[in-house]
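Colleague: Could you take a close look at one part of this model for me, the ligand and the space around it? I'd love a connected walk-through, starting from the helix end that I keep coming back to.

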Amino acid sequence: MKFFIDTANLEQIKEAQDLGILDGVTTNPSLMAKEGITGKENILKHYKDICKIVDGDVSAEVIATDFTNMVKEGEELASLNDQIVVKLPMIKDGVKAAKYFSNKGIKTNVTLVFSAGQALLAAKAGATYVSPFLGRLDDISTDGLNLISEIRDIYDNYGFETEILAASIRHTMHIIDCAKIGADVITSPLSSITGLLKHPLTDIGLDKFLKDHKKGN
Ligand code: G3P
C-alpha cells in the first residue's frame with residue numbers, strides 16, 4: 001500500500017519524506033489556502049517545491065469546472081514536472097477531462113468521489129487514481145469504509161487498473177481498515193501516519209531494555 005501525505009505544508013512533507021515511507025503527496029485548493037499560498041504564480045511554484053522534496057506522485061487540482069479550461073489548466077500543471085498528477089473533480093467535464101488526459105498518457109486523480117457509481121465512471125475514463133472521501137462520508141453517518149470495499153470489489157471484478165486512493169482519512173484506524181480492504185493508496189494528514197508508530201508497550205519495553213542495559217554496564 002502506498003502512503004501519500006494530504007497537505008501542502010512543506011515542513012510536514014519533509015518530515016514524512018525523512019521517515020522514509022512517503023510515496024507521494026495530495027493537495028487541494030483548501031490545503032493550499034491553509035498554507036497561505038494564493039495567486040497562480042505562487043501556486044505553481046509551490047507545486048514545484050513539493051516535487052523537489054518527494055520522489056513520487058504529487059496531485060495538483062484544477063480550479064476550472066469546464067472541459068476546455070480543465071484541459072488548459074491540467075496541461076499547464078502537468079508541464080511543471082513529471083511527478084504531477086492532474087486532480088479533477090467528479091463532474092461530467094471532469095470525467096471527459098480524465099479520458100482526455102488518459103489518452104495523452106498524463107496521470108489523473110479523480111476527486112470528490114462519494115459513490116461506487118462515480119468510482120466506476122472514473123475507472124472507465126482511465127483515471128490513474130480515484131479518491132473516495134471516507135471521512136466526509138463518516139461525518140454524515142454513512143459508512144465510508146464500505147464505499148472503499150465496494151470500489152475494491154468492482155475494480156477487481158473487471159481488472160480496472162485505476163488505483164483506489166482512500167482520502168479524507170481522519171485517524172489511524174482508517175489507515176489500518178483501508179489496508180485490510182486492499183486500498184492501493186491512503187492519503188492522510190501527518191498525525192495519522194505518525195500515530196501508527198505509537199504503542200504504550202513499545203515505550204514501556206524500550207524503557208526497561210535501556211534501564212536493564214545500564215544496570216549490566
Ligand atoms: O484531499 C482530499 C481529502 O483528503 C480531504 O480531506 O479531511 O478535508 O475531508 P478532508
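Modeller: Happy to. Gly 20 follows α1 and has a positive phi, near 90 degrees. At the other end, where helix α1 (residues 10-19) starts, Asn 9 has a side-chain oxygen that reaches to within 3.0 Å of the backbone nitrogen of Glu 11. Please keep in mind that this is a predicted model.

Now to the ligand. Around the ligand you will find Asp 6, Asn 28, Lys 87, Phe 133, Arg 136, Ala 167, Ser 168 and Arg 170. Sorted by class, this shell holds 4 charged residues, along with 2 polar and 2 nonpolar ones.

Three side chains are worth a look for their polar atoms. For Asp 6, a side-chain N or O atom is 2.5 Å from an oxygen atom of the ligand. For Arg 136, the corresponding distance from a side-chain N or O atom to a ligand oxygen is 2.7 Å. Arg 170 also takes part, with a polar side-chain atom 2.8 Å from an oxygen atom of the ligand. As for cover, the ligand has 310 Å² of accessible area on its own, and the protein covers 81% of that.

Which pocket does the ligand take up? The space it fills is the second largest pocket. That pocket has a volume of about 240 Å³. Its lining is made of 16 residues, and the closest to the centre are Asp 6, Asn 28, Leu 31, Arg 136 and Ser 168. By class, the lining of the second largest pocket divides into 7 polar, 5 nonpolar and 4 charged residues.

The largest pocket makes a useful companion to this view. About 290 Å³ of space lies in the largest pocket. It too is described by a lining of 16 residues, with Lys 40, Glu 61, Ile 63, Glu 73 and Leu 77 the closest to its centre. Two or more lining residues of the largest pocket come from each of α2 (29-34), α3 (40-53) and α4 (67-78). Of these, α4 gives the largest share, 5 residues. By class, the lining of the largest pocket has 10 nonpolar residues, 5 charged ones and 1 polar one.

To return to your ligand, then: Asp 6 and Arg 136 are both among the residues around the ligand, and both are among the residues closest to the centre of the second largest pocket.

Definitions and conventions: Residues are numbered from 1 along each chain as its sequence is written. This is a predicted model: local features need pLDDT of at least 70, side-chain atom pairs count only at pLDDT 80 or more; totals for chains, interfaces and linings use all residues. Side-chain values use heavy atoms; hydrogens and water are left out. A residue is near a molecule or strand if one of its heavy atoms lies within 4 Å of it. A polar contact is a pair of N or O atoms within 3.5 Å; within protein, one must be able to donate a hydrogen and the other to accept it, and residues adjacent in sequence count only if both atoms are side-chain atoms. Accessible areas come from the Shrake-Rupley method with a 1.4 Å probe; for residues, only the protein chains shown count as cover. On a 1 Å grid over the protein atoms alone, a cavity is a set of points where a 1.4 Å probe fits but cannot get out, and a pocket is an open set with protein on both sides within 12 Å along at least five of seven lines; lining residues have an atom within 4 Å of a point. A molecule sits in a cavity or pocket if more than half of its atoms lie within 2 Å of its grid points. Ala, Val, Leu, Ile, Met, Phe, Trp, Tyr, Cys and Pro count as nonpolar, Asp, Glu, Lys and Arg as charged, and the others, Gly among them, as polar. Grid points are joined across faces, edges and corners, and a volume is the space filled by probe spheres set on the points. Helices (H or I, at least four residues) and strands (E, at least two) are DSSP runs, numbered from the N terminus.
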